[in-house]
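Biologist: Could you take a close look with me at one part of this model, the contacts between side chains? I would like to follow them from the helices out to the surface, in one go if you can.

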Amino acid sequence: MMRPTVFSSKAVISSSSLSASLAGAKIIEKGGNIFDAAIAVSSVLSVTQNNLCGLGGDAFALVRYNGRVKGYNGSGKSSRNVNRGLYFELGYSRIPERGIYSAITVPGLVDLWNSLYLEYATMRFSDLISDAIKYAETGFYITRHYEESLIASSPILGQYNWSNQFMPYGKIPAEGDLFIQKDLAGTLREIAEEGPRSFYDGYLSDIIFKAMEKTNLLIDSKDLSDHKTLAANPVKSTYMDYDVFETAPNSQGATVNYWLALLEQKIQNKIPRPVDIVESGLEAYRWRSMFIGDPERMPFNGDLLSKGAGPYYNNPRVPEDKGDTTYFSISDANGNSISMIQSNYMGFGSGIIPEGTGFVLQNRGSYFTLDDKHHNSLEPRKRTFHTLAACIIEKDGELVYSLGTMGGDIQPQVQVQIITGLINQDLMPQEAIERPRWAFPATIYEQPSVLNVEDTSLINENETRLRINPMKYSSSFGTAQVTALLNGRVAGGSDPRGDGFSIPV
């Protein structure tokens with residue numbers, strides 16, 4: 001192993017940003033609980049990893065508190081001003097992946113902070129996001145992965161006002177450069193003073209709406225004020241005598257529940273064969289393409305976990321799997337935990353910054369299709385199928401693991417590989433994270449054809465219908481975090497494919 005699993009008698013924070021993990025640890029050391037810490041971690045991530053998720057993105061969370069697991073859906077609906085006809089009138093056959101016509105769903109992250117704060121927090125909200133304000137106001141040092149994201153995004157997003165903030169003086173900041181975001185600091189300061197709901201129906205929302213209106217964005221003040229985080233019961237299933245909780249649709253988390261149910265039927269010895277995991281996954285992804293969507297339009301219940309999968313929907317033009325996301329987990333010795341994931345969708349989202357606010361609006365709405373026969377077809381006030389997924393696992397009614405990963409459509413694949421490592425092979429969190437991975441890229445609109453592998457010995461090409469494609473050990477296979485409660489000790493691991501660290505408190 002490249003890194004050790006960390007342990008604590010109190011709590012462990014695992015995120016994909018060292019600054020964020022340290023901010024959360026500082027809150028707990030000041031007497032806050034792990035949910036206070038979660039707001040601190042999430043807000044710092046919206047500064048130091050706003051390429052993956054900023055204030056303009058969405059979030060989902062699972063919370064385990066006092067022995068009960070609850071789910072929160074912080075994804076925003078499409079604007080009331082969008083419909084398929086608008087795009088056809090503009091000459092589009094599909095929703096653009098960048099620009100103002102991709103920025104069509106309401107950002108949900110900040111209101112999820114509000115839900116967590118009202119239900120679980122013990123400290124003043126302004127104290128919880130003080131480090132985020134500091135990193136925006138005085139700067140943070142750019143990491144190699146952040147620089148790579150800037151380089152990859154600049155040819156696409158340089159044409160939008162994104163370049164004013166992320167290419168100061170006309171060039172891309174390099175690894176080790178101090179990066180300051182004054183406008184973002186101002187927005188965060190306003191949230192600290194007025195509270196998170198100000199983003200949606202307060203003084204700050206007026207500023208945001210006027211900036212959106214000036215940029216000709218379709219999201220309006222009513223779209224913002226109508227947004228509310230959904231309390232959504234997690235999807236629960238049993239695997240090898242463990243209870244697995246996943247974020248409910250429109251999150252794709254239930255794919256993991258269905259997949260594990262299929263896999264358990266194939267296991268002859270304790271350790272499943274890689275080929276059985278892959279083949280079960282292909283079946284699970286067919287199921288995913290049929291049964292996961294906006295929960296208000298496609299009601300989901302546990303009975304769907306027993307329904308078989310059908311054929312893939314055939315769409316000759318599908319969005320590429322470019323999900324950029326950040327995930328974190330915090331657990332304490334009392335069995336409380338939060339498993340939270342937040343995202344812009346693609347790197348830096350739409351590339352559109354409401355003038356003066358410092359945050360980029362997500363492009364999550366570009367995952368909709370304009371085909372009216374598909375359940376994920378664009379309509380006003382609709383939540384799109386969402387690649388974000390978070391997991392908590394119990395055994396005998398006690399917390400064992402809290403985990404998740406970035407990676408867009410491949411998130412269930414990374415989760416299942418980590419879960420089978422933890423449960424079937426008794427691996428420690430860091431070891432389960434660092435094992436070589438495979439992934440078959442696939443949106444809900446297409447059938448997978450390629451299996452990317454970090455190690456060609458993982459699976460024999462003759463065992464699968466997929467073409468084997470060797471790739472380097474990298475974040476294209478997800479960057480995962482795990483916290484756990486093992487024999488009374490809190491443990492944690494963080495993915496070396498990303499920038500994160502597990503911090504024991």
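Modeller: Happy to. One cut-off first: a residue counts as buried when its relative accessible area is under 20%, as exposed when that value is over 50%, and as partly exposed in between. Please also keep in mind that this is a predicted model.

Let's begin with helix α14. By that cut-off, 15 of the 18 residues in α14 are buried, so the helix is mostly covered. From the first C-alpha to the last, α14 reaches 26 Å, close to the 26 Å expected at 1.5 Å a residue.

This helix also takes part in a salt bridge. Arginine 288 pairs with aspartate 409, and their closest N and O atoms are 2.9 Å apart. Arginine 288 belongs to α14 (residues 274-291), whereas aspartate 409 sits in the loop between β13 (398-405) and α15 (411-423), so this pair ties together parts that are 121 residues apart in sequence. Where do the two partners stand, buried or exposed? Arginine 288 counts as buried because its relative accessibility is 1%. Aspartate 409 is buried too, with a relative accessible area of 1%.

A second salt bridge involves the loop between α14 and β10 (324-332), where glutamate 296 lies. Its partner is arginine 383, and here the closest N and O atoms are 3.7 Å apart. Arginine 383 is in the loop between β11 and β12, so the pair ties together parts that are 87 residues apart in sequence. The two ends of this bridge fall into separate classes: arginine 383 counts as buried at 3% relative accessibility, while glutamate 296 counts as partly exposed at 47%.

For a bridge between exposed residues, look at aspartate 372 and lysine 373, whose side chains meet at 4.0 Å, N to O. Aspartate 372 has 51% relative accessibility and so counts as exposed. Lysine 373 is exposed as well, at 73%. Over the whole structure, a search finds 28 salt bridges. Some of them join up: Arg437, Glu454, Asp495 and Arg497 are linked in a network of salt bridges.

Arginine 497 leads us on to the rings, since its charged end sits over the ring of tyrosine 473, 4.0 Å from the ring centre. Something similar is found with lysine 134, which lies over the face of tyrosine 135 at 4.7 Å from the ring centre.

Now for rings that meet other rings. How many aromatic pairs does a search of the whole structure find? The number is 30. One of them joins phenylalanine 140 and phenylalanine 179 edge-to-face, with 6.0 Å from centre to centre and 85° between the planes. Phenylalanine 140 is part of strand β5 (residues 140-141) and phenylalanine 179 is part of strand β6 (residues 178-179), so their contact ties together parts that are 39 residues apart in sequence. Both of these phenylalanines are buried. They also belong to one aromatic cluster, together with Tyr146, Trp162, Phe166 and Phe348.

Another ring pair is made by tyrosine 367 and tyrosine 445. The ring centres are 5.8 Å apart and the planes meet at 35°, so this pair is tilted. Tyrosine 367 lies in the loop between β11 (337-345) and β12 (390-395), and tyrosine 445 in the loop between β14 (438-439) and β15 (450-453), so the contact ties together parts that are 78 residues apart in sequence. Although both lie in loops, tyrosine 367 counts as buried at 0% relative accessibility, and tyrosine 445 is buried at 1%.

One more helix deserves a stop. In α4, nine of the 12 residues are buried, and the helix is mostly covered. Among the buried residues are Leu109, Trp113, Asn114 and Tyr120. The length agrees as well: at 1.5 Å a residue, α4 (residues 109-120) should span 16 Å, and its end C-alpha atoms are 17 Å apart.

Last, the surface. Leu18, Leu22 and Phe501 make a nonpolar surface patch of about 250 Å². Leucine 22 is found in helix α1 (residues 18-29), and with a relative accessible area of 44% this leucine is partly exposed.

Methods:
Residues numbered from 1 in each chain as written. Predicted model: local features only at pLDDT ≥ 70, side-chain atom pairs only at ≥ 80, totals over all residues. Heavy atoms only, no water. Phe/Tyr/Trp six-rings, centres within 6.5 Å; stacked < 30°, edge-to-face > 60°. Helix = DSSP H or I, 4+ residues; strand = E, 2+ residues; numbered from the N terminus. Buried < 20%, exposed > 50% of the residue type's maximum accessible area, 1.4 Å probe, protein only. Lys NZ or Arg CZ within 6 Å of the ring centre and 35° of its normal. Patch = residues over 30% accessible without salt bridge, like charges linked within 9 Å, V, L, I, M, F, W, Y side chains within 5 Å. Areas by Shrake-Rupley, 256 points an atom, 1.4 Å probe, with all protein chains shown as cover. Expected span 1.5 Å × (residues − 1).
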